[in-house]
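Welcome! Here are some short exercises to work through with the structure open beside you. Try each task on your own before reading its solution.

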Amino acid sequence: MSVRMYRGIGVSPGIAVGKALVIEMRRPRVKREVLDPARVPLEASRLRQALEDSRTQILEIQERIAREVGTQYARIFDAHLLILEDHLLVEEASAFIQAHRVNAEYAVQEVLEPVRQAFSRIEDGYLRERRSDVDDVGDRLLGNLLGQRASVHVEQPGETIVFANELRPSDTVQLHKDAILGLVTETGGRTSHSAIMARSLEIPAVVGVEEICAHVRNHDAVILDGIEGVVILSPDRETLAQYHARKQQLEYAGRALHKLGGLPAETQDGYRVRVTANIEFPDELPAVRAHGAEGVGLYRTEFLYLNRPDLPTEEEHFAVYRAVAAEIHPRPTVIRTLDFGGDKLATAVQLAAEENPSLGLRAIRLCLHRPDLFRTQLRAILRASAFGSLRIMYPMISGVGELRAANAILEDVKAELRRQGVAFDPEIQVGAMIEIPSAAVTADLLAREVDFFSVGTNDLIQYALAIDRINEQVAYLYEPLHPAVLRMLRSVVSAAHNEGIWISMCGEMASDPLHGMLLVGLGFDELSMTPASIPLLKRIIRSVTYGQAAEVAQRVFTCPTAKEVEQLLRQEMRARFPEYFASDVFPSSE
Ligand code: PEP
Ligand code: MG
């Protein structure tokens, strides 16, 4: 059989060479049965028992994950427990059984269907992917009612690369690093649970490889490249040899990189870039340190609000921020204030449904609309600033008006704390994310009113190119290296420097080592990224001069398309760092 190559999104780096195991995620089949009235109470008690069994199973999984992987990942399953404990689900399913005299399985399926559909319609990527939580709980409940529960069984530990349409969180956690070499899914994105779990378990993974399961059979030979997002089926000898060599190189290079952890990210001619980490949970701090981050450049605080019916209190915010500030001190931590759209807060804050949530009442707009939420978080950040070096960053600033409105609330909160004699850092720096084109265009005006900028390329690209960042159908147009994006970056950096403020990039674009030289050459003072990407970036920065990086950054502006920019960067990086960028066995054919 001939060599076949498929492209997807590399979400967990590394190379795996092994045999395919295709997992079919079949939804339990449910039949409608009309019951004899006498059986109705029995059916209700079967439902209660299945709920209880499901709860026990989830608690067991949660305990294991907390032990083996980390408490932050165990928390993913809080959402499952919340769904199970949702009174509406239990009551509606029981009422359905009573009203229609049907079996419990059928009632559960009917009650969950509208919930599933509601999740599918959500535009926000993070929340839409949480539909898999509803599916996972629903399937577990049905499996318990039907007495069947499929599980992933790996026959050949140490050889297996798992292929699936999608993996539910509870399936992913069964995949042990020792048993599984890699993971390929047809759906999902960087923020899907399977991607998060794969990264934490350090299992190379590629997601979003459309219809791959139809082309692969169990035991087929497979190469998976989680860095480039490539899957190769039936590789020939030559390809296998190339990847084996690359895998070995990466392993050597990984060991060498680790040693760079403690060294500064400084070019050969002494140009210093601060390399910091993006985090979502305080539990990630050990990884931040282990990979040599010089602080936290983006602490996404949304996770404090998720999977709970109420809002976090000021004390809860404070306890977490203080712990992070103290742990990272004397290095800085940039805390981003709440960045939610209406849907994300559905349980805790009732907001009107929106046609277009990504253009709707989200992030700083939501905070200005609900100053109670905003003030609570700002008070907690300010109080915690007495315990370490904290910075405040507003997401989705669209222009000076919004920035001033946010700063007015901040000043008011500071005055309140002063009146109450509560300590905080009076010099705390305040920055704006540049992730809306209007902010990029007015960066010269914004720069006069903040201490720093941080470019959120994930959103900036989506809004600048009119490409939904999580829509697989237009993913090919989501181009970080689009000339329009590069021109925006160049002008935002120069606006920041003209006003004497520093500028960081915290979007995913900074995590890709291919962009390392370019971003240094464009003049970014800080790059904030997934902790695991830090050592390679340090290696790149330490190997070049600022002049060389600036020259590359200048040359890309002569390229009229993103493809040409990418080719130019690949050539450059391949020549300088063959051990990391020489993988193009299949050069991009587009
Ligand atoms: C971004 O938009 O680039 C960013 C860092 O924020 P988020 O991905 O959380 O929207
Ligand atoms: Mg953003």
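## Exercise 1: Two unusual alanines

A466 has a relative accessible area of 67%, which is why it is exposed. Keep in mind throughout that this is a predicted model.

**Task.** Find where A466 lies, and compare its setting with that of A363.

**Solution.**
- Step 1: start with the backbone. A466 has a positive phi of about 60°, although it is not a glycine.
- Step 2: place this residue. A466 sits in the loop between α18 and α19.
- Step 3: turn to A363. Its phi is near 50°, again a positive value in a residue other than glycine.
- Step 4: place A363 and judge its cover. A363 belongs to helix α13 (residues 363-369). With a relative accessible area of 0%, A363 is buried, whereas A466 is exposed.

## Exercise 2: The metal site

**Task.** Work out which residues coordinate the magnesium ion (ligand 2).

**Solution.**
- Step 1: look for the coordinating atoms. E435 (OE) and D459 (OD) coordinate the magnesium ion, at 2.0 to 2.2 Å.
- Step 2: trace each residue to its element. E435 is in the loop between β13 (429-434) and α16 (437-441), and D459 is in helix α18 (residues 457-465), so the pair ties together parts that are 24 residues apart in sequence.
- Step 3: check their exposure. E435 and D459 are both buried. For D459 the relative accessibility is 3%, and since buried means under 20%, D459 counts as buried.
- Step 4: list the neighbours. Leaving out residues up to four places away in sequence, D459 touches R362, M396, E435 and R469.

## Exercise 3: Around ligand 1

**Task.** Describe how the protein surrounds ligand 1, and say which element gives the most to its shell.

**Solution.**
- Step 1: count the surroundings. There are 13 residues around ligand 1, and R300, R336, G456, N458 and R469 come nearest.
- Step 2: assign residues to elements. β10 (296-300) and α18 each supply at least two residues of the shell. α18 gives the most, with 3 residues.
- Step 3: examine polar atom pairs. An N or O atom in the side chain of R300 is 2.8 Å from an oxygen atom of ligand 1. For T457, a backbone N or O atom lies 3.1 Å from an oxygen atom of the ligand. D459 brings a polar side-chain atom to 3.0 Å from an oxygen atom of ligand 1.
- Step 4: consider the cover. On its own, ligand 1 has 290 Å² of accessible area, and the protein covers 95% of that.

## Exercise 4: Helices and their packing

**Task.** Compare the span of α10 with its expected value, then decide how α21 is placed in the structure.

**Solution.**
- Step 1: take the span. α10 (residues 237-260) has 24 residues and reaches 35 Å from its first C-alpha to its last, close to the 34 Å expected at 1.5 Å a residue.
- Step 2: find the buried residues of α10. These are T239, Y243, R246, L250, A253, L257 and L260.
- Step 3: recall a general point. Residues three or four places apart point the same way, because an α-helix has 3.6 residues a turn.
- Step 4: see what packs there. The buried residues of α10 pack against β3 (15-23), β7 (221-225), β8 (230-233), α21 (534-543) and α24 (578-581).
- Step 5: move to α21. Because 7 of its 10 residues are buried, α21 is largely enclosed by the rest of the structure. Its buried residues pack against several elements, including α10, β9 (274-279) and α23 (562-576).

## Exercise 5: The whole chain

**Task.** How many helices and strands does the chain have, and what share of its residues counts as buried?

**Solution.**
- Step 1: count the elements. The chain has 24 helices and 16 strands.
- Step 2: take the burial figure. Of its 590 residues, 54% count as buried.
- Step 3: look at contacts between residues at least 6 apart in sequence. Among these, 69% join residues at least 24 apart.
- Step 4: turn to the surface. The chain's accessible surface comes to about 25000 Å², and 50% of it belongs to carbon and sulfur atoms.

Terms used. Residues are numbered from 1 along each chain as its sequence is written. Chains are lettered from A and ligands numbered from 1 in the order in which they are written. This is a predicted model: local features need pLDDT of at least 70, side-chain atom pairs count only at pLDDT 80 or more; totals for chains, interfaces and linings use all residues. Side-chain values use heavy atoms; hydrogens and water are left out. Helices (H or I, at least four residues) and strands (E, at least two) are DSSP runs, numbered from the N terminus. The expected span of a helix is 1.5 Å times one less than its number of residues. Buried means under 20% relative accessible area, exposed over 50%, partly exposed in between (1.4 Å probe, protein chains only). Contact means heavy atoms within 4.5 Å. Donors are N, O and S atoms within 2.8 Å of the metal (3.2 Å for Na, K and Ca); water is not among the atoms, so sites may look incomplete. A residue is near a molecule or strand if one of its heavy atoms lies within 4 Å of it. A polar contact is a pair of N or O atoms within 3.5 Å; within protein, one must be able to donate a hydrogen and the other to accept it, and residues adjacent in sequence count only if both atoms are side-chain atoms. Accessible areas come from the Shrake-Rupley method with a 1.4 Å probe; for residues, only the protein chains shown count as cover.
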